[in-house]
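Visitor: I am new to this structure. Please take a close look at one part of it and work outward from there.

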Amino acid sequence: MALARVSPTPFSLSLLHSLSRPFSSSSSPVLRPKGFPIATALSHGDPLEEGAVKEAPRPSSRLPWKPTCLYYTQGKCTMMNDTLHLEKFNHNLLMDLPVNASAADKMKPQKLDYILVLDLEGKVEILEFPVVMIDAQSMEFIDSFHRFVRPTAMSEQRIREYIEGKYGKFGVDRVWHDTAIPFKEVLQEFEDWIRDRNLWKKEQGGALNSAAFVTCGNWDLKTKVPEQCKVSKIELPSYLMEWINLKDIYLNFYNRRATGMMTMMRELQMPIVGSHHLGIDDAKNIARIVQHMLADGAVMQITARRHPTTSEVKFLFKNRIR
């Protein structure tokens with residue numbers, strides 16, 4: 001069955017829409033950050049404070065960078081009519097993922113239609129599940145899915161300590177507490193999201209339809225998701241059984257090893273946008289690397305696949321990062 005391709009919204013219309021209405025794909029109820037100032041609805045702390053996000057250099061033709069509203073990315077921003085809030089925070093991920101039309105000159109035909117960049121956060125339990133959807137044929141940003149995840153096997157005191165240590169330095173611990181939901185609910189909402197985009201059908205099972213996850217390493221889908229599924233007492237979904245390790249694609253295309261996202265960005269002379277280890281920002285930066293590699297002529301293809309019965313993972317590239 002052919003995939004019904006998603007038509008990306010032109011930048012001008014996307015920006016207009018982002019300033020006039022909240023994100024509509026979330027099935028979660030609207031949550032107003034009661035009792036907290038507007039600054040809690042941010043991606044990061046005040047840029048003047050220590051540890052805050054620094055603005056990446058931008059060509060003069062581009063709009064200035066500003067932190068993403070993390071209530072908005074989860075469909076829960078209630079400040080879309082607040083002029084000051086709109087001026088301070090980005091409500092359109094496309095602004096960080098533009099495509100230069102001339103960059104497509106070296107692009108190679110891709111077997112996939114869509115790339116889903118996934119970059120999990122959380123070592124004990126998953127704390128953040130961000131996905132950035134890119135058109136593999138045009139490199140354009142299509143959509144995103146973002147949820148903060150509430151652990152289920154920790155005490156409330158341990159959770160508070162965990163979140164303060166992880167997100168307190170970014171100034172987003174408040175938005176995490178306001179929005180986080182259990183991993184089982186996150187997967188249910190994500191399945192609705194990929195179903196609505198014709199990427200997967202629950203009744204058919206199997207892998208994604210003409211799309212694939214891209215991760216920066218094997219840890220996210222080889223190790224962490226199966227571990228979290230056991231903790232959450234759910235079966236590993238069939239659509240999470242294969243993925244593209246961008247490190248392996250990078251190694252085989254450029255013929256040099258990269259230990260992680262930051263190494264790739266440094267070698268490709270790309271400034272980081274946002275905060276490293278804030279999942280949605282890392283997912284955007286990895287998506288930017290994917291765009292850069294596609295423009296250079298790289299071909300994205302599955303690098304690892306898990307056997308549905310034995311759970312053994314087979315790595316498909318002989319030359320790979322170990």
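Guide: What follows is a close look at a cavity and then at the parts around it.

This is a predicted model, in which local features need pLDDT of at least 70, side-chain atom pairs count only at pLDDT 80 or more, and totals for chains, interfaces and linings use all residues. Numbering starts from 1 along each chain as its sequence is written, and side-chain values use heavy atoms, with hydrogens and water left out.

First, the setting. The protein has nine helices and eight strands (DSSP runs numbered from the N terminus: H or I of at least four residues, E of at least two). Of its 322 residues, 54% count as buried (under 20% relative accessible area with a 1.4 Å probe, protein chains only; exposed is over 50%, partly exposed in between). Among contacts (heavy atoms within 4.5 Å) between residues at least 6 apart in sequence, 70% join residues at least 24 apart.

Now the cavity. A search of the whole structure finds one cavity of 30 Å³ or more, and the largest has a volume of about 30 Å³. A cavity is a set of points on a 1 Å grid over the protein atoms alone where a 1.4 Å probe fits but cannot get out, and lining residues have an atom within 4 Å of a point. Points are joined across faces, edges and corners, and the volume is the space filled by probe spheres set on them.

The lining consists of Ala207, Leu208, Ala211, Ala212, Phe213, Tyr239 and Glu242. Strand β5 (residues 211-215) gives the most to this lining, with three residues.

Two of the lining residues, Phe213 and Tyr239, lead on to the aromatic rings. Ring pairs link these two with Phe129, Phe145, Phe183, Phe190, Trp193 and Trp200 into a cluster. Rings of Phe, Tyr and Trp (its six-membered ring) pair if their centres lie within 6.5 Å; planes under 30 degrees apart count as stacked, over 60 as edge-to-face and the rest as tilted.

The whole structure holds 12 aromatic pairs. In one of them, the rings of Phe148 and Tyr167 have centres 5.4 Å apart and planes at 75°, so this pair is edge-to-face. It links distant parts of the chain, 19 residues apart: Phe148 belongs to strand β3 (residues 141-150) and Tyr167 to helix α3 (residues 156-167). Phe148 is buried, at 0% relative accessible area, and Tyr167 is buried as well, also at 0%.

Back at the cluster, Phe183 has a partner of another kind. Glutamine 228, in helix α6 (residues 219-231), touches Phe183, Glu125 and Ile126, leaving out residues up to four places away in sequence. Glutamine 228 is buried too, with a relative accessible area of 2%.

Strand β5 leads to helix α7 (residues 246-254), which is mostly covered, with seven of its nine residues buried. These are Leu246, Lys247, Asp248, Ile249, Tyr250, Leu251 and Tyr254. What covers them includes β5, β6 (242-245), α8 (261-267) and α9.

The last stop is in helix α9 (residues 279-296), which holds histidine 292. At 26% relative accessibility, histidine 292 is partly exposed. It touches Tyr254, Leu268 and Met270, again leaving out residues up to four places away in sequence. The C-alpha atoms of histidine 292 and methionine 270, 22 residues apart along the chain, are separated by 9.2 Å.

Technical notes: On a 1 Å grid over the protein atoms alone, a cavity is a set of points where a 1.4 Å probe fits but cannot get out, and a pocket is an open set with protein on both sides within 12 Å along at least five of seven lines; lining residues have an atom within 4 Å of a point.
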